[in-house]
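Dear colleague,

Please find the sequence and the model below. I should be grateful if you would read the notes that follow with the structure open beside them.

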Amino acid sequence: MDAELRAFMMSFNKLADLAEEFRQKPNGAQLAPVLEKHLKVSPSSLPLIPEAFGSHRLADANIVLDRIAGSDPSAKIVGIAGQQRYHADLADLLMPENHMGIVGEPSYASLAVGPDQQRRFLTLGIHLFHYHSSPLAVLIRKANREYGKPEAALEILSPDEQVTDSFLQEFRNGLRTSSIFKGHVISFKCNEYQESNAGVTFHRREPLPREQLVLPDGLRERIEEQVLGVGTHRDVLTAFGGHLKRGVLLFGPPGTGKTHTVRYLSSAAEDHTVILLNGDSLAYVSPAAAMARALQPSIVVLEDCDLIAEDRSFSHGPQAAAFRSPRRHGRPGTGRERRLPAHHEPRGFP
């Protein structure tokens, strides 16, 4: 190798080293020092506590977290830059041997909170605040299956284990007792023509006057008493030890007024959460029941309930437990529908 080629190779190697150094050098402020200043300890020395929840609860989680963090006047939100933020956990972003954790702008998205209603919520960012006088860093991120994140989640860093447990208890209680879905008519199926939020679609509660529901004499009053009366007389029933769950089965060929009756009940129950399940969405009967318990007073509407609890003689063998998972066997629906109002105590929902 002559001297000229040797000099070129040495210059090329130096250029490659400079390029690698420039690639690894962070373009913004490091995230770790920002969190260390807030937490008063190196964040890489703290255990990361994750708290996953359903992707449709992201708006609810934001509302609860904003309320908790808002009690600290000095609370702030910091974002994370770079593509790594989508698939790396907060602990990975804070590792000192790499430079992935860079401070950036928080990420937001507009989510449906009702028919024709939208609000902006944080989809990736870190809340820095004090809880019971102890510093907390809480990252909230939306679900992102593309990057191996099937559920939305919080990622919590705190130097005080008891404070973390107390915060999580308040956060879970908030999710269990409040939701943007409460008092709305919703279904577990995306609809591109209506407001949807992670697979949950909001429907307008269409008014239907009583006189437009034509039924045999006395039938409407019996249905109203069974479906709505239990909520009206809830305190009395509870005082005498009566249960609050009621069910009404509406059956018959098309055109006998089943759907019209449901529309009337949904219209009359203005303060109720109404959950509609039909077709493929019948598979969500368990989450719907859990949501109904949490968002009481509520009504769950099952269209063609024979697809869930059909007679075993129509299948080729034993089925799963009724009202757990629908199984189709090619038998056409009969048009029967079951409405399950739920007025009992909340137990939370995914």
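The notes below cover the strands, then a surface patch, then two buried residues.

This is a predicted model, in which local features need pLDDT of at least 70 and side-chain atom pairs count only at pLDDT 80 or more, while totals for chains, interfaces and linings use all residues. Residues are numbered from 1 along each chain as its sequence is written, and side-chain values use heavy atoms, with hydrogens and water left out.

Helices (H or I, at least four residues) and strands (E, at least two) are DSSP runs, numbered from the N terminus. Two strands are said to pair if DSSP finds at least two bridges between them.

Strand β5 (residues 117-131) runs antiparallel to strand β2 (residues 76-81), and three bridges join them. Within this pairing, V78 has I126 in β5 as its bridge partner. Strand β4 (residues 107-114) also pairs with β5 in the antiparallel sense, over seven bridges; here S110 is matched with R120 of β5. The hairpin of β4 and β5 has two residues between the strands, and D116 takes a positive phi near 60°.

Strand β6 (residues 134-141) is antiparallel to β5 and is joined to it by eight bridges. The bridge partner of H127 in β6 is V138. β5 and β6 also form a hairpin with two residues between them, where H132 in the turn has a positive phi of about 55°.

On the surface, L5, F8, M9 and F12 make a nonpolar patch of about 390 Å². Patches are made of residues with over 30% relative accessible area and no salt bridge, with like charges joined within 9 Å and nonpolar side chains (Val, Leu, Ile, Met, Phe, Trp, Tyr) within 5 Å. A salt bridge is a side-chain nitrogen of Lys or Arg within 4 Å of a carboxyl oxygen of Asp or Glu. Accessible areas come from the Shrake-Rupley method with a 1.4 Å probe, and for residues only the protein chains shown count as cover.

F12 lies in helix α1 (residues 3-24) and counts as partly exposed because its relative accessibility is 47% (buried means under 20%, exposed over 50%, partly exposed in between).

L175, in helix α5 (residues 161-177), is buried, with a relative accessible area of 10%. L175 and A61 are 114 residues apart in sequence, yet 6.6 Å apart in space, C-alpha to C-alpha. Q296 is in the loop between α10 (285-294) and β13 (298-303), and at 11% relative accessibility Q296 is buried.

With kind regards

Technical notes. Buried < 20%, exposed > 50% of the residue type's maximum accessible area, 1.4 Å probe, protein only.
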